[in-house]
Amino acid sequence: MTTTLMTAAELYPRVRHVVPAVEWATMADDVDAIGRLKRERNAVILAHNYMTPEIFHGVSDIVGDSLALAREATSVEADVIVLAGVHFMAETAKLLNPTRTVLLPDLRSGCSLAESITPADVRELRRLHPGVPVVTYVNTSAAVKAESDICCTSGNAVAVIESLGVPEVIMIPDQFLAANVARQTGVRVITHPGACEVHERFTPADIRQIRDDHPGVTVLAHPECPPAVLDEADYAGSTAQMVAFVAARQPERVALITECSMSDNVAQQFPDIDFVRPCNLCPHMKRNTLGTIRHALETMTHQVTVQPDVAERARLAVDRMLAVGNK
Ligand code: 13P
Ligand code: SF4
């Protein structure tokens, strides 16, 4: 891939609404180095919507929610993919494009959902509920995906469940996403007690407080939040669906009930909208910094691999998910 090498000074307009010029000046050396390294290594940076603005708008090539990153990973032609996100996202990119080198800037970038469940847990659920299909959230290890029939993301969970045409599913490991999807589809859902440590902390009282403090605010909540929180919101959707909602409706004032960097990134795109910023930080996502991304490209670490037998079975579950959107 040939990209024009833009300097930090040239990139500044992309972040100027959310990154003060004095801060950008301290980042310029890393931004310029990352640009040069991407060219030398023939690398692209895939970044999740929860990256900080200097990563999201400054150095990334492809950005999006978990579904978009998985889709985009399939067609990357560059030799190297730096996944500015968390471990399960890097594994998914590797599964979908196995001949590329996939780098995760910090191997400690986990996820409370992925850590809540093991392949043995999935086998036990199957034993307890024979014949019930297993729908696994992408926020899981490849080994857990390998035990599953199909994957889903927050952006396509309803479509995936409806595509199965069954009255009951095992939907793991996010108890709240499962409960929210059950309400939307009417399908009975057996789940697992996992939760996102960022979204489980929001409460209905938080939303009521936001409405009291910011009259007229439009509240968008992520479906990893508890159902009682979604009941207080105007709209529920994945991070990309939140961006699409804001772009289409252009509300005057918005609260995004999700991870902190979302509002910063969307505010850069819509400087005239007033973003109320109640948020919780994801410590795993925040392990990605310009410094760790630069280090990843300098040292070609940390390479994420998946054992071939696991990869083959996990890819089937992810491919089935991607096929749902293509029908
Ligand atoms: P989406 O971007 O797919 O909505 O996922 C949110 C999330 O928590 C990813 O870790
Ligand atoms: Fe996992 Fe939640 Fe962090 Fe996403 S925001 S990586 S679901 S802990």
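User: A polar contact is a pair of N or O atoms within 3.5 Å. In this predicted model, which residue has a polar side-chain atom 2.6 Å from an oxygen atom of ligand 1?

Analyst: The residues around ligand 1 include H48, Y50, D65, S66, S238 and T239. For one of these residues, a polar side-chain atom lies 2.6 Å from an oxygen atom of the ligand, and a polar contact requires N or O atoms within 3.5 Å. The residue is T239.

User: What is the distance between an oxygen atom of ligand 1 and a polar side-chain atom of E224?

Analyst: E224 is among the residues around ligand 1. Also around this ligand is N139, with a side-chain N or O atom 3.5 Å from a ligand oxygen. For E224, the distance from a polar side-chain atom to an oxygen atom of ligand 1 is 3.3 Å.

User: Where does ligand 2 sit?

Analyst: Ligand 2 has residues such as Y50, V86, C111, S112 and L113 around it. Others in the shell are N139, C196, E197, V198, E224, C282 and M285. The place where ligand 2 sits is the largest cavity.

User: How many residues of the shell around ligand 2 are nonpolar?

Analyst: The shell includes E197 and E224, and its charged residues number 2. Another 2 residues of the shell are polar. The nonpolar residues number 8.

User: Is C111, one of the residues around ligand 2, buried or exposed?

Analyst: The relative accessibility of C111 is 10%. A residue counts as buried under 20%. C111 is therefore buried.

User: Which two residues form the disulfide of this structure?

Analyst: The structure holds 1 disulfide. Its two sulfur atoms are 2.2 Å apart, and a disulfide requires a pair within 2.5 Å. The two residues are C260 and C279.

User: How many residues apart are C260 and C279?

Analyst: C260 is in helix α14, which covers residues 260-269. C279 lies in the loop between β12 (274-276) and α15 (290-299). The pair links distant parts of the chain, and the separation is 19 residues.

User: Which handedness does the link of C260 and C279 have?

Analyst: The two sulfur atoms are 2.2 Å apart. The angle about the S-S bond is 95°. With this angle, the link is right-handed.

User: Is C279 buried or partly exposed?

Analyst: Its partner C260 has a relative accessible area of 16% and is buried. C279 has a relative accessibility of 30%, and the class between 20% and 50% is partly exposed. C279 is therefore partly exposed.

User: Why does C152 have no bond to the closest cysteine sulfur?

Analyst: C152 is buried, at 0% relative accessibility. The closest cysteine sulfur is in C151. A disulfide needs sulfur atoms within 2.5 Å, so this pair is too far for a bond, at 7.4 Å.

User: What is the omega of the cis peptide bond that joins I172 and P173?

Analyst: Most peptide bonds are trans. P173 is in the loop between β7 (168-172) and α10 (175-185). The bond that joins I172 to P173 is cis, and its omega is about -5°.

User: Which residue is joined to H302 by a cis peptide bond?

Analyst: H302 is in the loop between α15 and α16 (308-326). The cis bond has an omega of about 0°. The residue joined to H302 is T301.

User: What is the phi of Q250?

Analyst: Q250 lies in the loop between α13 (239-249) and β11 (253-257). Q250 is partly exposed, with a relative accessible area of 45%. Most residues other than glycine have a negative phi. Q250 is not a glycine, yet its phi is positive, at about 45°.

User: What phi does M300 have?

Analyst: M300 is located in the loop between α15 and α16. M300 is a residue other than glycine with a positive phi. The value is near 55°.

User: How many of the 10 residues of helix α5 are buried?

Analyst: Helix α5 covers residues 87-96 and is mostly covered. Among its buried residues are F88, M89, E91, K94 and L96. The number of buried residues is 9.

User: What distance separates the C-alpha atoms of V160 and L322?

Analyst: V160 is in helix α9, residues 157-164. V160 is buried, at 0% relative accessibility. V160 and L322 are 162 residues apart along the chain, and their C-alpha atoms are separated by 9.3 Å.

Methods:
Residues are numbered from 1 along each chain as its sequence is written. Chains are lettered from A and ligands numbered from 1 in the order in which they are written. This is a predicted model: local features need pLDDT of at least 70, side-chain atom pairs count only at pLDDT 80 or more; totals for chains, interfaces and linings use all residues. Side-chain values use heavy atoms; hydrogens and water are left out. Helices (H or I, at least four residues) and strands (E, at least two) are DSSP runs, numbered from the N terminus. Buried means under 20% relative accessible area, exposed over 50%, partly exposed in between (1.4 Å probe, protein chains only). A residue is near a molecule or strand if one of its heavy atoms lies within 4 Å of it. On a 1 Å grid over the protein atoms alone, a cavity is a set of points where a 1.4 Å probe fits but cannot get out, and a pocket is an open set with protein on both sides within 12 Å along at least five of seven lines; lining residues have an atom within 4 Å of a point. A molecule sits in a cavity or pocket if more than half of its atoms lie within 2 Å of its grid points. Ala, Val, Leu, Ile, Met, Phe, Trp, Tyr, Cys and Pro count as nonpolar, Asp, Glu, Lys and Arg as charged, and the others, Gly among them, as polar. A polar contact is a pair of N or O atoms within 3.5 Å; within protein, one must be able to donate a hydrogen and the other to accept it, and residues adjacent in sequence count only if both atoms are side-chain atoms.
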